[in-house]
Amino acid sequence: MKELSGILAILLPVLMGISCADNKDGRDYRKDMRDFVENISIYSRFFYSDFLVIPQNGVEIITLNGRADGPIAESYISRINGVAQEDLFFGYNADNVLTPVSERNYLIGFLDRVKTQDKIVWVIDYCSSPANVDSAYQWNFRKNYVSFAAPSRELDVIPAYPANPFRFDSASVKNIRSAKNLLFLINSELYPAKSVYLDALDACKYDALVIDLFYKDTALTTADLNRIRYKPSPSVPRIVLCYMSVGEAENYRYYWRPEWNTSPPGWLADENPDWPGNYKVRYWHKEWQNIIYGNNQSYVKKIMEAGFDGVYLDIIDAFEYFE
């Protein structure tokens, strides 16, 4: 199986009819991102046919022309389980502030189109006051979206309110469609030890968890994942996805090389001024894609080996930067 993964990485671009060469003139950055996500899905599902793939933001690429009423990008849609969107009702301009109606309606046009393709929609709203949290959950529920009201944009805490997750029940989560609520806890810095972090996740009652592969700098193991894979009281299965940025490189990740600080590779672009240490990447470059998927040292392979149910892909909207 290990040998096959290397062969597959070579064959994928050929099988898909995709070139990873950097054509500087006339690139279709949206198609490049669709191709990237599709290949991540193809690679991971070669090993696990039910491996989940959820891209966040950049929802415009679900259609071929970037319009909510445009022709569906059928190959792309067929290889993802749904989409996720930040700031739909709260957080677009500031946390605890309503997203402008025009922006909200623009996004809903795409998200509703996703629903017509029999795919799930997840939403993260950034709000903490009880009134705003209640509104966010209710508005998303009416749209048949599954949502999380995050009290911190760092996604580093389990909310104290509400006491139980919205739409909590004790049923097992047989598949991603049956998940009624979700928790994002991708930053573990506030937890003084891995055991404390895992205890908190183990005790929470959410149907689906989105967490990082790492507790600080230590990769989670299969045993760690097994410890948090079940909801408490009674102990029933849930979904556990792994967060991974595909549109930016992060200088605190295992793959980062010190020499990139002074001599960056050709695929590494500017630092994100809003998130120090995060750098835009020319995601169509083979060198970056090799870091993410296609071989035994790749990020996706590490995620699969740890035992996650799937990947939650961030910075899909990186195409906007290059456009």
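User: How far from the ring centre of phenylalanine 47 does the charged end of lysine 301 sit?

Analyst: This is a predicted model, where local features need pLDDT of at least 70, side-chain atom pairs count only at pLDDT 80 or more, and totals for chains, interfaces and linings use all residues. Residues are numbered from 1 along each chain as its sequence is written, and side-chain values use heavy atoms, leaving out hydrogens and water. A charge sits over a ring if NZ of Lys or CZ of Arg is within 6 Å of the ring centre and within 35 degrees of the ring normal. Lysine 301 sits over phenylalanine 47 in this way, and the distance from the ring centre is 5.1 Å.

User: How many aromatic pairs are there?

Analyst: Let's start with the rule: rings of Phe, Tyr and Trp (its six-membered ring) pair if their centres lie within 6.5 Å, with planes under 30 degrees apart counted as stacked, over 60 as edge-to-face and the rest as tilted. Applying this rule gives a count of 29.

User: What kind of pair do tyrosine 43 and phenylalanine 47 form?

Analyst: Look at the two rings: they are 5.2 Å apart, centre to centre. The angle between their planes is 75°, and that makes the pair edge-to-face.

User: Which helix holds both tyrosine 43 and phenylalanine 47?

Analyst: Helices (H or I, at least four residues) and strands (E, at least two) are DSSP runs, numbered from the N terminus. Tyrosine 43 and phenylalanine 47 are both buried (under 20% relative accessible area; exposed is over 50%, and partly exposed lies in between, with a 1.4 Å probe and protein chains only). They are four residues apart, about one turn of the helix, and the helix is α2 (residues 29-47).

User: At roughly what angle do the axes of α2 and α9 cross?

Analyst: Two packed helices are described by the angle between their axes and the distance between the axes. Axes are lines fitted to C-alpha atoms, for helices over the stretch in contact, with angles from 0 to 180 degrees between N-to-C directions. The axes of α2 and α9 (residues 299-306) come within 11 Å, and they cross at roughly 35°.

User: Which residues of α9 do Ile40, Tyr43, Ser44 and Phe47 in α2 meet?

Analyst: Contact means heavy atoms within 4.5 Å. Across from those four residues of α2, the α9 side consists of Val300, Lys301 and Met304.

User: How many of the eight residues of α9 are buried?

Analyst: The helix is largely enclosed by the rest of the structure because most of its residues have little accessible area. The buried ones are Tyr299, Val300, Lys301, Ile303, Met304 and Ala306. Out of eight, the buried residues number six.

User: Over the face of which residue does lysine 205 lie?

Analyst: The ring belongs to a residue in the loop between β4 (146-150) and β5 (182-185). That residue is partly exposed, with a relative accessible area of 31%. Lysine 205 is 5.4 Å from the ring centre, over the face of phenylalanine 168.

User: How far apart in space are phenylalanine 168 and tyrosine 206, C-alpha to C-alpha?

Analyst: Leaving aside neighbours within four places in sequence, phenylalanine 168 is in contact with Asn181 and Lys205. Tyrosine 206 is 38 residues away in sequence, while the C-alpha to C-alpha distance is 7.4 Å.

User: In which strand is isoleucine 120 found?

Analyst: Isoleucine 120 is buried, with a relative accessible area of 8%. Among its contacts beyond four places in sequence are Ile54, Val83 and Ile176. Isoleucine 120 is found in residues 120-126, strand β3.
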